[in-house]
Structures are given as C-alpha cells and as structure tokens.
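Good morning, and thank you for making time for this presentation. I would like to take the group through one structure, from its terms to its details.

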Amino acid sequence: MAGIEGSPGSSMHGVTGREPVHAFSVASPIVPTDTTAKFDLPVDSEHKAKKFKLFSLANPHMRTFHLSWISFFTCFVSTFAAAPLVPIIRDNLNLTKSDIGNAGVASVSGSIFSRLVMGAVCDLLGPRYGCAFLVMLSAPTVFCMSLVSSAGGYVAVRFMIGFSLATFVSCQYWMSTMFNSKIIGTVNGTAAGWGNMGGGATQLIMPLLYDIIKKTGSTPFTAWRIAFFIPGWLHIIMGILVMTLGQDLPDGNLSALQKKGEVAKDQFGRVLWYAVTNYRTWIFVLLYGYSMGVELSTDNVIAEYFYDRFDLKLHLAGIIAATFGMANLLARPFGGFASDYSARYFGMRGRLWTLWILQTLGGVFCLLLGRADSLPLAVAFMIIFSIGAQAACGATFGVIPFVSRRSLGVISGLAGAGGNFGSGLTQLLFFSTSKYTTEMGLEYMGIMIICCTLPVMLVHFPQWGSMFLPPSKKVSEEHYYTAEYTEEEVQKGMHHNSLKFAENSRSERGNRIASAPTPPNATPNYV
Amino acid sequence: MATNACLVVSLWISCLLATTHAATFSSLQRTLVLTASPQAGQVLKAGEDNITLAWSLNTTFASGIDSTYKTITVELCYAPISQKDRGWRKTVDELAKDKTCQHNIVKKPYTSSNTTFTWTVRKDVPGATYFVRAYALDSAGKEVAFGQTTDAHKTTNLFEVEAITGRHVSLDIASACFSAFSIVSLLGFFFMDKRKAKSSK
C-alpha cells in the first residue's frame, strides 16, 4: 500500500482495519527490523512498531495507542453524555420533542466538518497537537452544558461538543505514524471500535454520576449539571496527558515529519476526482449512513426510549442503553472477521453478501425493537440489532479498501462523513417530531435500513463480479486499479503501488485459482 | 378432588380476569370535590410558594358510594398546553399507562369530612401549566373515583409553576475557571514546546 508520508489520504490508511495485513505482528524477512533502535517493540527502518502489544504502555508506540483511543473514547462520552439524562434535562429546560430531536441532529452534524479540518490540522501541526488542541478546546463546551437554561442553548452546546468527534481522524493518523503499515489495520480497527464504545459507556456513567450527586443532596435540576463536569475534567486530563506523554513520531521529532510531508507524491485534485466519480463510493456512503448512522442515532434515543416506554428508573434505562454501544467491543471486529472469512471461500461476492446480510439483519431487528411490547423482548431485539448494525460497520470497511487504491483515504473519509450525515437525517426524519412516537421512529428506521442496504446489490467489480453477476473474463485486478491513473501518470510510474496492491488483492477471487497473467500494454477499461 | 381442582382453577381464572381488567379514567366517577388555593393563571415559584388543598365527598351523590374508598392520593397534573409535543406526558385512558399526573402531592387515608393540606411546591417540579387531581383508591390500591380543580376538558382554573433553573453562581464560576484552565494550559504547553524546540536548534 502507498506508505508515502504525507500523501493525500495516507492518514486514513489502516482505518479500514481490513487491508491485507498480518494481524498482530510482521516478521523480519517481510519488513526488516532496525536492530540499532532501542525501543520496547521491534521496529522497522522508520522506527514504526512491527508488533502490537496490547497490554503494554511502552513509550512511544503503545503509549500512543492508549492515549489516542482513550482521547477518542472521551470525546464519544461527552458527545452522547446528554442522551441518558434527557428525561431530567427535558423537564429542567422545558424541551419539546422537536428540541430534543434537533439537539440529537446537532450533536452528530458538527463533526462532519470538523473531521475534514482535522485532517489538515494533522498535516500541518501533527496528530499530537491536533488531538490535544481539539480535546482541550472542546472542554469549555462541555462545561458550558451546566450554564444552559433554554432549548436554544441546549442545541447549541450539543452542536459544539459534537465537534470533538474529529479526534477519530487524529487517532487514526497518529497511529499510522507509529505502527508499520502491515499491522496498522488491526491497530486502527481496534482503536475505532474501542473509541465508539464511549457512546455506550456514557449511558452507564452519566446516570450513575447523576444518582451519586443527587444522594449528596443536590436537587435533580442541579445534579445533572454537576454531572457534566466529569466528562469535562476527562477532556482536560487527556489533553494534558497527550501533551506531556505523547510524541508525534517514534523519534519524537515533529519538524522531520513536516519536512517529509512537503513532498506530496500525489495530487489531491486527482485523488478527489477518482473518489467522487466512482459510483461505488456513493453506495458505501449511503450504506455507512445506515450502519454507523443508525448506531449514532440509537445512542441518542435509546435510553429515553426505555425510560418512557417501559417505565424504568433512569440508571436501569442507562444500563440497557449501554449494552447497545458497548457491543462495539466485539461486534465491529466480528463484522470485519466475517467479511474476511467469507472472502476466503467466496471472494468479493462473499464480502458483499456478508455486508448485506448483517446490515439487513440489523434493520429487521430495529423494526422488531419498535414493535416489541415487553421489556425482555425489546432488550433481546435491541442486542441483535446492535450486533447487526455494528458488524455491518466492520464489514463495510472490509470492502472499501478494494473500491480504490489511489483514493482510499478520501473514500474512507467520505464514508465516515456519510455515517454522521445518515445519523443526522434519520434523527431529523423520525425522532424530531411528535408525528411519530419513538417506537414508530424505530420501526421506520428499521424499514429505511433495509431499503438503503439494497443498493449494495449494485456494487459490481468487473474483476470479481457482484452479488448476482459473475466477473467479466477480460478484466483483471491490474486493469481496475490502473484505470485510476491517466496515461501520463502511468508513464511516470505513479501506479506502481496500485499494481502491488492489485496482485495482493487476487485473494478476492475466492476459492478459484488466484493467479492470472497480466496482459502487457493492455488499455485499462475505466469502469 | 375434581370439584376442588375445578374450584381452584376457576378462582385462579377469575383472579386473573380481575387483575387484567385495567382501570380506565373514563370509568371513574367524579365524586370528590377538590379545591386548590392558586387562582387561575397564578404563577407559583418552585421551592418557595405553597398550595393549600381541600377535598371532601360530593354530598349530591347517593350515600354509601364511598364505601370502597380507603385512601386519597392528590397529584399535580399537566394541563394540555404543557402536554403538547411532549409524548412523555401523554394522557391515556388506561390509568396504568396514563402520564398526565407525574407529581404526587400527598397520600392520606380517606375520611368523608372536609380535609385540608398545605404543600410547598417541590424543587424538582418542572416549569409548566398544571391543575390538581385527587384519586380515591380502594384497599387494593386501584382508582375508584376522582376529583379535580379544573373542568372535564382541563381548560379552566389552571395555574403555572415557575421552576428553579438548577443553575448556581458557584457552578457558573467553576465552569469558567475550568474552561480558562483548559485553554491556558493548552497554550502554555504549546509555547513551552516551541521554546524548547527553538533552544535545542
């Protein structure tokens, strides 16, 4: 894969978690170890770690991993901190259903833009400053929650706190400077899943804090405000830890990174063009909007739903809601694993079917969750829904690396933005008006998931086929990936990394014979 | 043996039927007379102002109608304007699912004579428009009658409660301090780093 420092999209490499990688370590002959370096983990020539040692805090590699994912986790906690406390907040601020819905939309919309800006910030200042700046500048927005006294203020503050979700970008970027590209998949996939868990953990943490603070004598309308100080302090603590313990590069030298970054080996304009004109990009943007998007929407509404519909106490509703988000610990990696496993036998067709099955399953159980009248049934359906939706997130990024080699970063970024956009749209349509009760909203969301997952049937790779159509005999992997370069770029040799990738991607043919000779001088068919 | 079994089964079925027959609001008779001190449109401050309530049996009804009344529970209930666009306060006929009255004022044993009670509006009462309703409960805790301070359409004699904001000056100051600390320490670390980089070059 293109391991060029600073090339557009390189910060997103590995975010998919499903690129051809060796899971936890890469052995010496494949990537030579630099024996002169004195690090806790074996490193390559750039001093990036070749091994992923999960329960270690060794400086700088594993320390970076933990600082990074915990910062991302903290931002998820504060973005969704209001959700489990809405039953109290709505009484304090006299909110209507549309106020609550609008705040939910606002909480996920801000990061659509902030994630784009964060990419540029990481390029200019480095991921350590990017992370620390965002986390510490969003701490005041979390503290502002305790000052809110109207619906407008509530929506505005949730919007501002939502900007902090851009730590996703700094998290992935930072780890790509610390870990070898052959293991970056697992590293980034683990970090993304564990960070997302924050949306579940917050449903447990906030009601618990609220209860404790109430027991010390506060009135309910003050207790929830005090509870918000804890996520705020977490922001400050993580910001300070990142600033003091973190470093941009294994060798600690930021200016060296900037020097390398100046030599961008590809043009952003062309990378963007090939991302935008590939129809598969947009299908995956839509799909991710209805896997990640519905996960974010559900994080925002599920605690209130259980509190109102089943008359549960606040902390019990929070515990149930937490199981939804915490399933990310295993469900998302499971989705990626299922995608890889099906690819072993059925190639890309297997990956597409796996994605369709998981996401449609999620949709069906979302619909059933809305229909469930009894608590045990509702909890059971919710758990299956969460596994389906989160595994679908993992499976989506099992296919995205193959959509384009040149524009992987941009496509991953667009899909990520699609997730947030889908969340905002769903909350606006189904959870912001009194026209639909929350249970009806969940039903309609389930139906929308099922419908918006159907377009995956249209994804066709000429070299591998699609869900129903066989591959075209004339087109090879090299054709497909070289088609992203113009004649002059091919002559300049810019497509070499794509050729390497194309060769590795023959595994997507499934059980059939893997090697096919590349016809020399063949005109690539742009598909 | 067989008749014993039949008896047990039929008793069990009738118990089941009795409990599954949910109480509905429309089946209740308005046999209680309830008055509250707030005037129509008056605004009460949560945590400070009082409501004085008085309730008794409406003597125009046949005597003996209150034979099943064991307890009176008085509740603060949302007026329709405060239920608008807020599904969590919805009025539903089935009393077990009804969310109109969410704030209990007092629960007292039933006496047919006039009873009064003074209540300070609690600090956790949200800002909204209210009326007061009293339910008469039987020995099983099921509602058998009611009385309220407003008419059947819940349009007259409504009063407002102005809730506490929940904000405190100390919270505001703490917020500002921690926010300032966050920004200052960020800038502090940043400039320290820059200075270190300059001096090491």
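Let me begin with a term: a residue is called buried under 20% relative accessible area, exposed over 50%, and partly exposed in between. R167(B), for example, has a relative accessibility of 31%, and it therefore counts as partly exposed. Please keep in mind throughout that this is a predicted model.

First, the confidence scores. The ipTM is 0.85 and the pTM is 0.84. For chain B the average pLDDT is 89, and 89% of its residues reach at least 70.

I stay with R167(B) for a moment. Its salt-bridge partner is D172(B), with 3.1 Å between the closest N and O atoms. D172(B) is itself partly exposed, because its relative accessibility is 22%. Chain B offers another such pair, R122(B) with D124(B), where the closest N and O atoms are 3.3 Å apart. Here R122(B) has 32% relative accessibility and so counts as partly exposed. D124(B), at 27%, is likewise partly exposed, because that value lies between the cut-offs of 20% and 50%.

Let me turn to chain A. Its secondary structure comprises 23 helices and zero strands. The chain has 527 residues, and 62% of them count as buried. Among contacts in chain A with a separation of 6 or more, 78% are between residues 24 or more positions apart.

Which salt bridge in chain A do I wish to show? It is the one in which the side chains of E477(A) and R506(A) meet, at 3.2 Å from N to O. E477(A) belongs to helix 21, residues 477–482, while R506(A) is in the segment after helix 23, residues 496–504, so the pair ties together parts that are 29 residues apart in sequence. Are these two residues buried or exposed? Both E477(A) and R506(A) are buried. In contrast, the chain B pair that I described earlier, D172(B) and R167(B), is made of residues at 22% and 31% relative accessibility.

Over all chains, a search of the whole structure returns 17 salt bridges. D172(B) and R167(B) form one of the bridges I have shown, with N and O atoms 3.1 Å apart at their closest. Salt bridges with shared partners also link E477(A), E478(A), R506(A) and R509(A) into one network.

Two individual residues of chain A come next. S111(A) is found in helix 3 of chain A. Its relative accessibility is 0%, and it therefore counts as buried. What does S111(A) touch, leaving aside residues up to four places away in sequence? Its contacts are G162(A), F163(A), L165(A), A166(A) and N420(A). S111(A) also lies 6.9 Å from S164(A), C-alpha to C-alpha, although the two are 53 residues apart in sequence.

The second residue is T190(A), located in helix 8, residues 184–196, of chain A. With a relative accessibility of 17%, T190(A) falls under the 20% cut-off and so counts as buried. Leaving aside residues up to four places away in sequence, T190(A) touches F52(A) and F65(A).

Finally, the interface. On one side, 39 residues of chain A are in contact with 31 residues of chain B. About 3,100 Å² is buried between the two chains, and carbon and sulfur atoms give 63% of that area. Three salt bridges are counted between chain A and chain B. One pair in a salt bridge is D91(A) with R89(B), whose closest N and O atoms are 2.9 Å apart. There are also 17 residue pairs in polar contact between the chains, with both residues at pLDDT 80 or more.

Which elements give two or more residues to the side of chain A that touches chain B? They are helix 2 (86–92), helix 3 (97–125), helix 4 (127–137), helix 5 (139–144), helix 10 (220–227), helix 11 (229–245) and helix 15 (292–309). By class, this side of chain A has 21 nonpolar, ten polar and eight charged residues.

Let me close with helix 4 of chain A, which is mostly covered, with ten of its eleven residues buried. Among those buried residues are P127(A), R128(A), Y129(A) and M136(A). Thank you for your attention.

How values were computed
Residues numbered from 1 in each chain as written. Chains lettered and ligands numbered in written order. Heavy atoms only, no water. pLDDT = per-residue confidence, 0-100. Contact = heavy atoms within 4.5 Å. Buried area = accessible area lost by both parts, 1.4 Å probe. Salt bridge = Lys/Arg side-chain N within 4 Å of Asp/Glu carboxyl O. Polar contact = N/O pair within 3.5 Å; in protein donor to acceptor, adjacent residues only side chain to side chain. Helix = DSSP H or I, 4+ residues; strand = E, 2+ residues; numbered from the N terminus. Nonpolar A, V, L, I, M, F, W, Y, C, P; charged D, E, K, R; others polar. Buried < 20%, exposed > 50% of the residue type's maximum accessible area, 1.4 Å probe, protein only.
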